[in-house]
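Could you walk me through this model in the viewer, one selection at a time? I would like to know what to pick next and what I will find there.

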Amino acid sequence: MSHIAKNKAKLLARIRRLKGQMEAIERSLEAEAPCADVLNQVASVRGAINGLTAELIEDHIHEHVLAVEDPAAREAGAEELIDVIRTYMK
């Protein structure tokens with residue numbers, strides 16, 4: 001997956017921020033923070049996950065669907081993406 005390797009530093013930075021957000025939720029729960037505060041933190045994590053997912057999907061489309069000349073390989077890239085999206089939407 002060349003596009004993941006190419007964007008590795010950027011993707012890892014996003015993951016590290018997500019880990020920090022998750023740790024903040026843990027600290028809030030341990031401190032018995034108000035539920036509205038915890039829910040806002042969870043919503044932020046969900047938004048960050050959705051952003052990461054959208055970026056990976058976009059990269060996949062560009063690298064494994066649009067840029068592929070071989071119709072069979074293009075179809076395989078599209079099918080992989082469809083499977084991932086179906087799993088994501090469950």
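Here is a short tour of the helices, salt bridges, surface patches and one backbone angle. Keep in mind as you go that this is a predicted model.

**Stop 1: helix α3**

Start by selecting residues 35–66, which make up helix α3. How far apart are the end C-alpha atoms of α3? They are 44 Å apart, and this agrees with the 46 Å that 32 residues should span at 1.5 Å a residue.

Now colour the buried positions of α3: Val38, Val45, Leu52, Thr53, Glu55, Asp59, His60 and Val65. The list mixes nonpolar names with charged ones such as Glu55 and Asp59. Hold on to Glu55, since the tour returns to that residue below.

While you are in α3, click on Leu56. Its relative accessible area is 31%, so Leu56 is partly exposed. For a quick distance check, pick the C-alpha atoms of Leu56 and Arg46: these residues are 10 apart along the chain, and the atoms are separated by 15 Å.

**Stop 2: helix α2**

Next, select residues 8–30 for helix α2. From the first C-alpha to the last, the 23 residues of α2 reach 33 Å, close to the expected 33 Å at 1.5 Å a residue. The buried residues to highlight in α2 are Leu11, Leu18, Ala24, Ile25 and Ser28.

**Stop 3: the loop after α2**

Move on to Glu32, in the loop between α2 and α3. What is the phi of Glu32 near? Its value is near 55°, which is positive in a residue other than glycine. As background, most residues other than glycine have a negative phi. With a relative accessible area of 71%, Glu32 is exposed.

**Stop 4: the salt bridges**

Show side chains now and look for pairs of opposite charge. How many salt bridges does the count come to? The count comes to 3.

Begin with Glu63 and Lys6, whose side chains meet in a salt bridge at 3.6 Å, N to O. This pair joins distant parts of the chain, with Glu63 in α3 and Lys6 in helix α1 (residues 2–6), 57 residues apart. Glu63 has a relative accessible area of 30% and is therefore partly exposed, while Lys6, at 58%, is exposed.

Then go back to Glu55 and add Lys10 to the selection. The closest N and O atoms of these two are 3.2 Å apart, in a salt bridge. Here too distant parts of the chain are linked: Glu55 sits in α3 and Lys10 in α2, 45 residues apart.

Add Arg14 as well, because its side chain meets that of Glu55 in a salt bridge at 2.3 Å, N to O, within the 4 Å cut-off. Arg14 belongs to α2, and it lies 41 residues from Glu55 along the chain. With the three residues on screen together, you have a network of salt bridges made of Lys10, Arg14 and Glu55.

Is Glu55 buried or exposed? At 11% relative accessibility, under the 20% cut-off, Glu55 counts as buried. Both partners count as partly exposed, Lys10 at 48% and Arg14 at 22%.

**Stop 5: the negative patch**

Turn to helix α4, residues 71–89, and find Glu80 there. Which residues gather in the patch of negative charge on the surface? They are Glu75, Glu79, Glu80 and Asp83. Glu80 has a relative accessible area of 43%, so this residue is partly exposed.

**Stop 6: the nonpolar patch**

Finish by selecting Ile49, Ile85, Tyr88 and Met89, and switch on a surface. These residues form a nonpolar patch with about 380 Å² of accessible area together. Which helix gives the most to this patch? That is α4, with 3 residues. Tyr88 is in α4, and at 40% relative accessibility Tyr88 counts as partly exposed.

Notes:
Residues are numbered from 1 along each chain as its sequence is written. This is a predicted model: local features need pLDDT of at least 70, side-chain atom pairs count only at pLDDT 80 or more; totals for chains, interfaces and linings use all residues. Side-chain values use heavy atoms; hydrogens and water are left out. Helices (H or I, at least four residues) and strands (E, at least two) are DSSP runs, numbered from the N terminus. The expected span of a helix is 1.5 Å times one less than its number of residues. Buried means under 20% relative accessible area, exposed over 50%, partly exposed in between (1.4 Å probe, protein chains only). Patches are made of residues with over 30% relative accessible area and no salt bridge: like charges are joined within 9 Å, nonpolar side chains (Val, Leu, Ile, Met, Phe, Trp, Tyr) within 5 Å. Accessible areas come from the Shrake-Rupley method with a 1.4 Å probe; for residues, only the protein chains shown count as cover. The place of a charge is taken as NZ of Lys, CZ of Arg, CG of Asp or CD of Glu.
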